[in-house]
Amino acid sequence: MSESIPQTKAESQTSSGSSPTAKPRKPGLFSSLNTDLAIDLGTVNTLIHARDQGIVLNEPTIVALNPKGQIVTVGQEARLMHEKTHKDLRTVRPLKGGVIADFDIAEKMMREMIRKVMKKRWFSSVRKLFVTVPNGITDVERMAVRDSAENAGAKEVFLVEETIAAAVGIGLDVNAPYGNMVVDIGGGTTEIAIISLGGTVYSQSVRLGGEQMNEEIVNHIRRKYNLLIGERTAEEIKHEIGSAMPGDDEREFTTKGRNLVSGVPKTLTVTSADVREAISETVNSCLNAITKSLENTPPELSADILDRGIMLTGGGALLRNMDKLISDAIDLPVHVAEDPLTTVVRGTGMILEHHEKYETVLM
Ligand SMILES: Nc1ncnc2c1ncn2[C@@H]1O[C@H](COP(=O)(O)OP(=O)(O)OP(=O)(O)O)[C@@H](O)[C@H]1O
């Protein structure tokens, strides 16, 4: 077993195919007609990889609609409007907990994002569309994703489990006869999988992630300081000063909100300890899910995981000291993937580019 574990924070990137640092290749003569796309349709972020070009779109999963339900804009522009709209404009996030919550809007959003990519690149149609889905998805939810993708204009749709895509994106050999454990902490779900021989041996999916942490921060600041802040502010606080456990880098953040007693705008300074207290429930739930997955791992694969450690990815992997918290709790090495926000789309892109090699991992 000589395969090393590539693409952790500490190691340089070694994989072939599409990498986040690789420059997109120029479209060839015939790529101006059809193309194949891979889409990581996440609760918070949607990323698209185009064949031979790498990542061509990376935008928040959100839509702004007019009163007739027509799309005004999608992605970053819609995100800037969120929580600041008037009666003739509303923003909607069509995914919740990793799955499509509003079928119609998700489809419109996907169509608009694909259109953006196609227009910029002179593609005329999508031949194959590879879409990632969470492990814990039900048959009905799976059909909803497939239908949305077909209605968004794809001729052929392939579904890929998020954790398998993440493993490929990290550079793990998913077809090898040893166990790899991947933990993907996203915006709406935390996905854990033990992968061996091109398949998922055990998986667990909890519908908790970064979005839940944001909500917990809003609630905590309201309860403790009588200050009402918005979801975007809570997310900014989490990114700037959040951590899963105390470390050398304790920080403070001065925020603004509405005082619930006086009703007027106020400023408040919150600390990393405040954020830890707020998000502890979600962090502990993720930790419990990891422990449970280890308890359910067949012994031979447990031995592999002991040697190789756990790969942590998804935006939640960027929460400071999250890797250390997990590693201390389970006494195993935890490696944070290189650029954890793009591992899933990079992996799906590699599955698209080398379809035959990854035939068995498609759902
Ligand atoms: N530096 C950071 N610290 C803490 N959390 C972060 C950081 N950067 C991003 N995140 C969080 O990561 C989450 C988004 O991660 P990601 O893009 O992997 O999720 P997603 O794919 O959209 O969701 P899902 O896979 O659950 O459908 C957001 O909740 C965001 O707040």
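The ligand is surrounded by 22 residues, of which the closest are G42, V44, G186, G210 and G315; a residue is counted as near the ligand if its C-beta atom, placed from the backbone, lies within 6 Å of it. The structure is a predicted model, in which local features need pLDDT of at least 70 and side-chain atom pairs count only at pLDDT 80 or more, while totals for chains, interfaces and linings use all residues. Residues are numbered from 1 along each chain as its sequence is written.

**Ligand shell**

By class, the shell holds four nonpolar, 15 polar and three charged residues. Here Ala, Val, Leu, Ile, Met, Phe, Trp, Tyr, Cys and Pro count as nonpolar, Asp, Glu, Lys and Arg as charged, and the others, Gly among them, as polar. Helices α5 (210-225) and α6 (231-241) each contribute at least two residues to the shell. The largest share, three residues, comes from α6. Helices (H or I, at least four residues) and strands (E, at least two) are DSSP runs numbered from the N terminus.

**The sheet beside α6**

Three strands form an open sheet in the order β14-β15-β16, with antiparallel pairing. Its edge strands are β14 (227-228) and β16 (265-271), each of which pairs on one side only. Two strands are said to pair if DSSP finds at least two bridges between them. Between β15 (residues 252-259) and β16 there are seven bridges in the antiparallel sense, and E252 stands opposite T271 in β16. Helix α6 lies across β15 and β16, running at about 165 degrees to β15. Such angles run from 0 to 180 degrees between N-to-C directions, with axes fitted to C-alpha atoms, for helices over the stretch in contact.

**Strand β17 and its neighbours**

Strand β17 (residues 310-313) is covered on both faces: I310 and L312 on one side, and M311 and T313 on the other, are all buried. A residue is buried if 20 or more other C-beta atoms lie within 10 Å of its own, exposed if 12 or fewer, and partly exposed in between, with C-beta atoms placed from the backbone. β17 pairs in the parallel sense with β11 (residues 180-185) over four bridges, where M311 is the bridge partner of V182. β17 also pairs in the parallel sense with β18 (residues 334-336) over three bridges, and L312 has V336 as its bridge partner in β18. Together with helix α9 (residues 322-330), β17 and β18 make a right-handed β-α-β unit; right-handed here signifies that, with the strands pointing away from the viewer, the path from the first strand over the helix to the second runs clockwise.

**Individual residues**

K128 lies in strand β9 (residues 125-133). K128 and L37 are 91 residues apart in sequence and 6.3 Å apart in space, C-alpha to C-alpha. Leaving aside neighbours within four places in sequence, K128 is in contact (C-beta atoms, placed from the backbone, within 7 Å) with D36, E156 and F158. K128 counts as partly exposed because it has 17 C-beta neighbours inside 10 Å.

Most residues other than glycine have a negative phi. Two residues with a positive phi, neither of them a glycine, are set out below.

| Residue | Phi | Loop | C-beta neighbours inside 10 Å | Class |
|---|---|---|---|---|
| L197 | about 50 degrees | between β12 (190-196) and β13 (199-206) | 12 neighbours | exposed |
| N226 | about 55 degrees | between α5 and β14 | 15 neighbours | partly exposed |

Terms used
Contact = placed C-beta atoms within 7 Å.
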